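Please work through the exercises below with the sequence and the model open beside you, and try each task before reading its solution.

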Amino acid sequence: MTAEVEARPAVVVRPAAPAAAGRTRGLLMALPPMVLIAFFIGFPVVLAFGFSLGFTGGLNRTVALIGQNVHTAHGIVPTLSAYAEMFTNARFLGDLVVTVVVTVVSTTVVILLAVGIGLYLKFSGGLIGKLLSALAVIPLFIPVVIASWAILGFYSANGFLRSVAANFGLGFPVWSYTLVTVVIGSVWTSLPFATLLVTSGLQAVPQAMIDAARDAGASFWRVVGSVVVPMAGVPIIIATTFTAIGILGSFTVPYFTGPNSPNMLGVDMSNYFSAFNQPQQAVVIAFIVFAIASGIAAVYVWANFRSAKESGAV
């Protein structure tokens, strides 16, 4: 028995490749884009944040010398004077409220339209559904500047709607250079991407779940509210966050179609930086917008985490 055991060949166990080597290779492959992002985005953001806190030396010295109404920190102690000035400025507060209201209203309209188109495609389809989905993505192929000018002329005092109404002896309100055209333009530019996301999420809902709910006696709206929309909730949330962040930081649409005052914070940043020559206040507005967008982005991160958890990746 002992001889048989000794005659068996020994099993050679080869050491596995160290995991550290794989991690190092992965880090080296990801390092170039990380360095570019840190150098061209991260470093200027840190400089700008320091400038908003009153650190006007070093690379911020030139812009501090040129700019007006610059608040300077005392030594290494930062100052919040620039932020306090903005939050006590009635013009800025009005623009902040307008920005939030336009973002909420436009995002709501976009998501309702996208969900409506997606539900029609899911339950009806046909030529009308395909036509709706095709029309919804047309703004992707039209530059925002051209669309803004078209919207401005369409709702102007001598635009198409007022001309048609005048032929019937009717009046139509002038919406050019008002917040109404800002909302219309924001919906126009944001609808295609939201429609693509929401429609794909709704199409992914299994038809068997819908049929089971119908067999149980659920009405159409009960199926939509209890089965379809909840199962497509993550794509809808992601579309909502992307739409809200895009509208929040928009510039072209409110700049071309909106009033001079109040206006959205994207236009405000440009005015403070170029027209008013107050770069520090422009940076403060930028970080306020960033703070609001970060709150919206937190919802996006939560939706992605929930999606990964449901799929078993987490």
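The exercises that follow treat salt bridges, a helix pair, backbone details and a surface patch.

This is a predicted model, in which local features need pLDDT of at least 70, side-chain atom pairs count only at pLDDT 80 or more, and totals for chains, interfaces and linings use all residues. Residues are numbered from 1 along each chain as its sequence is written, and side-chain values use heavy atoms, with hydrogens and water left out.

**Exercise 1. Charged side chains**

Determine which residues are joined by the salt bridges into one network, and state how buried or exposed each partner is.

Solution. Begin with the rule, by which a salt bridge is a side-chain nitrogen of Lys or Arg within 4 Å of a carboxyl oxygen of Asp or Glu. The count under this rule comes to 2 salt bridges.

Next, take the pair Arg91 and Asp95, whose side chains meet at 4.0 Å, N to O. These two residues are 4 apart in helix α5, and are therefore separated by about one helical turn; helices here are DSSP runs of H or I with at least four residues, numbered from the N terminus. As a general point, an α-helix has 3.6 residues a turn, so residues three or four places apart point the same way.

Then turn to the salt bridge between Arg91 and Asp268, where the closest N and O atoms are 3.7 Å apart. Because Arg91 lies in helix α5 and Asp268 in helix α14, this pair ties together parts that are 177 residues apart in sequence. Through shared partners, the salt bridges join Arg91, Asp95 and Asp268 into one network.

Finally, apply the accessibility classes, in which buried means under 20% relative accessible area, exposed over 50%, and partly exposed in between (1.4 Å probe, protein chains only). Arg91 is partly exposed at 30%, whereas Asp95 is buried at 1% and Asp268 is buried at 0%. Asp268 is one of the buried residues of α14, which also include Leu265, Gly266 and Tyr272.

**Exercise 2. A pair of helices**

Describe how the axes of helix α9 and helix α12 are arranged.

Solution. Two packed helices are described by the angle between their axes and the distance between the axes. Here the axes are lines fitted to C-alpha atoms, for helices over the stretch in contact, and angles run from 0 to 180 degrees between N-to-C directions. For α9 (residues 179–203) and α12 (residues 233–248), the axes come within 9 Å and cross at roughly 165 degrees. That makes α9 roughly antiparallel to α12, a class that requires an angle over 145 degrees.

As a last step, place Ile247 in helix α12, where this residue is buried with a relative accessible area of 2%. Its C-alpha lies 26 Å from that of Leu161, with the two positions 86 residues apart in sequence numbering.

**Exercise 3. Separation in sequence and in space**

How far apart are the C-alpha atoms of Val98 and Met264?

Solution. First locate Val98, which is in helix α5 (residues 90–123) and counts as buried at 11% relative accessibility. Then compare the two separations for the pair: Val98 and Met264 are 166 residues apart along the chain, and their C-alpha atoms are separated by 6.3 Å.

**Exercise 4. Backbone details in loops**

Where are Asn69, Asn277 and Pro262 found?

Solution. Asn69 is in the loop between α3 (61–66) and α4 (81–87); its phi is positive, about 55 degrees, although it is not a glycine, and the residue is partly exposed at 37%. Asn277 is in the loop between α14 and α15 (279–311), also has a positive phi of about 55 degrees without being a glycine, and is partly exposed at 23%. Pro262 is in the loop between α13 (252–257) and α14 (265–275), and the peptide bond leading from Ser261 to Pro262 is cis, with omega near -5 degrees.

**Exercise 5. A nonpolar surface patch**

Which residues form the nonpolar patch on the surface?

Solution. Patch residues have over 30% relative accessible area and no salt bridge, with nonpolar side chains (Val, Leu, Ile, Met, Phe, Trp, Tyr) joined within 5 Å and like charges within 9 Å. The members are Leu36, Ile37, Phe39, Phe40, Ile41 and Val45, with about 630 Å² of accessible area together, as given by the Shrake-Rupley method with a 1.4 Å probe, where only the protein chains shown count as cover for residues. Among them, Phe40 lies in helix α2 (residues 19–52) and is exposed, with a relative accessible area of 55%.

Conventions. Parallel < 35°, antiparallel > 145°, perpendicular 65-115°, else oblique.
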